[in-house]
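Colleague: I am new to this one. Please show me the structure, and then I will ask how you justify your terms.

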Amino acid sequence: MTDLVLTEHDDRWSLPVAGQQIIRCCTAYAAVLLLLENGVEFSIEAEFSLIRPAGQHHTLNPQADDGLALAPILGTRRRTVAQGAAFKDGRLVLEIDDGS
């Protein structure tokens, strides 16, 4: 199991997610939920961007979009997180091994 320690930098915290597979990806009433194999869970409740390796850019809003509009996020299931950071300005960035 990965050591669940945040590493603080000037503008962000590095998250303990590198090398972790996304084992659950689902939509709830007003959120997108991602669960990693080390037990780290993300609940995304605000508009976010998903940029796929081929350059497709999806702007997703779990609070306003219907389930079909949120479908692009399901492509991250079973993928591995390369790295993740929580920025002090509120942004969350997860880089996926397929380039997303």
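Colleague: What makes you say that the charged end of R91 sits over the ring of F87?

Modeller: A charge sits over a ring if NZ of Lys or CZ of Arg is within 6 Å of the ring centre and within 35 degrees of the ring normal. The charged end of R91 is 4.1 Å from the centre of the F87 ring. So R91 meets the distance limit, and it is listed as sitting over that ring. This is a predicted model, where local features need pLDDT of at least 70, side-chain atom pairs count only at pLDDT 80 or more, and totals for chains, interfaces and linings use all residues. Residues are numbered from 1 along each chain as its sequence is written, and side-chain values use heavy atoms, with hydrogens and water left out.

Colleague: Which ring does the charged end of K88 sit over?

Modeller: The ring of W13, with 5.1 Å to its centre.

Colleague: How many aromatic pairs does the structure hold?

Modeller: Zero. Rings of Phe, Tyr and Trp (its six-membered ring) pair if their centres lie within 6.5 Å.

Colleague: Why are β3 and β4 called paired strands?

Modeller: Strands are DSSP runs of E, at least two residues, numbered from the N terminus. Two of them pair if DSSP finds at least two bridges between them. β3 (residues 22-27) and β4 (residues 32-36) have five bridges, so they pair, in the antiparallel sense. R24 stands opposite L35 in β4. The two strands form a hairpin, with four residues between them.

Colleague: What is the strand order of the open sheet?

Modeller: The order is β3-β4-β5, with antiparallel pairing. β3 and β5 are the edge strands, because each pairs on one side only.

Colleague: What makes the largest pocket a pocket?

Modeller: On a 1 Å grid over the protein atoms alone, a pocket is an open set of points where a 1.4 Å probe fits, with protein on both sides within 12 Å along at least five of seven lines. The space in the largest one is about 540 Å³. It has 20 lining residues (an atom within 4 Å of a point). Closest to its centre are F48, S49, L92, V93 and L94. β9 gives the largest share of the lining, five residues.

Note on methods:
Phe/Tyr/Trp six-rings, centres within 6.5 Å; stacked < 30°, edge-to-face > 60°. Points joined across faces, edges and corners; volume = space filled by probe spheres on them.
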